[in-house]
Amino acid sequence: SDDNTRFRIATYRTLRWLDRCFSAHRRPHDQNLFPIVQGGLDTSPGGLRDVCLAGFRLRDDLAPGYAIGGLAGGESKDQFWRVVDHCCR
């Protein structure tokens, strides 16, 4: 669907953006960068959230933690907590 395509593009854009941010980051001792986990509501094994998290884990030494993106209030509470649980494991 169009949403799946949009989420996939955003997920890979996030990883490219993160690399650019780390390359440009000039004050790592004064400021932290917190990447935002993208992937819509896709918590399936190997899904978009997993793709994003795997990319972040490859860069773990550069970020003190992550933020969870894509939860804007339109999803159900079950979907919300499923994404949060998935991203925190």
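The following questions and answers deal with a predicted model of a protein chain.

Trainee: Which pattern does the protein chain follow along the sequence?
Mentor: The protein chain has three helices and two strands. Read from the start of the sequence, these elements follow the pattern α-β-α-β-α.

Trainee: What radius of gyration does the protein chain have, and why does it agree with a compact globule?
Mentor: The C-alpha atoms fill a box of roughly 40 × 25 × 25 Å along the principal axes. For 89 residues, a compact globule would have a radius of gyration near 12 Å, so the chain agrees with that rule at 13 Å.

Trainee: Where is T11 found, and is T11 buried or exposed?
Mentor: T11 lies in helix α1, which covers residues 2-24. Buried means under 20% relative accessible area. T11 has a relative accessible area of 0%, so T11 is buried.

Trainee: Which backbone oxygen does the side chain of T11 reach?
Mentor: A polar contact needs N or O atoms within 3.5 Å. The T11 side chain comes to 2.8 Å from its partner, the backbone oxygen of F7.

Trainee: Which residues does T11 touch, not counting those up to four places away in sequence?
Mentor: Contact here means heavy atoms within 4.5 Å. With residues up to four places away left out, the list for T11 is Q38, G39, L48, V51 and C52.

Trainee: How much of the exposed area of the protein chain do carbon and sulfur atoms supply?
Mentor: Of the 89 residues, 31% count as buried. The chain exposes about 6000 Å², and the share supplied by carbon and sulfur atoms is 53%.

Conventions:
Residues are numbered from 1 along each chain as its sequence is written. This is a predicted model: local features need pLDDT of at least 70, side-chain atom pairs count only at pLDDT 80 or more; totals for chains, interfaces and linings use all residues. Side-chain values use heavy atoms; hydrogens and water are left out. Helices (H or I, at least four residues) and strands (E, at least two) are DSSP runs, numbered from the N terminus. Buried means under 20% relative accessible area, exposed over 50%, partly exposed in between (1.4 Å probe, protein chains only). A polar contact is a pair of N or O atoms within 3.5 Å; within protein, one must be able to donate a hydrogen and the other to accept it, and residues adjacent in sequence count only if both atoms are side-chain atoms. The radius of gyration is taken over C-alpha atoms; the globule rule is 2.2 Å times the number of residues to the power 0.38. Accessible areas come from the Shrake-Rupley method with a 1.4 Å probe; for residues, only the protein chains shown count as cover.
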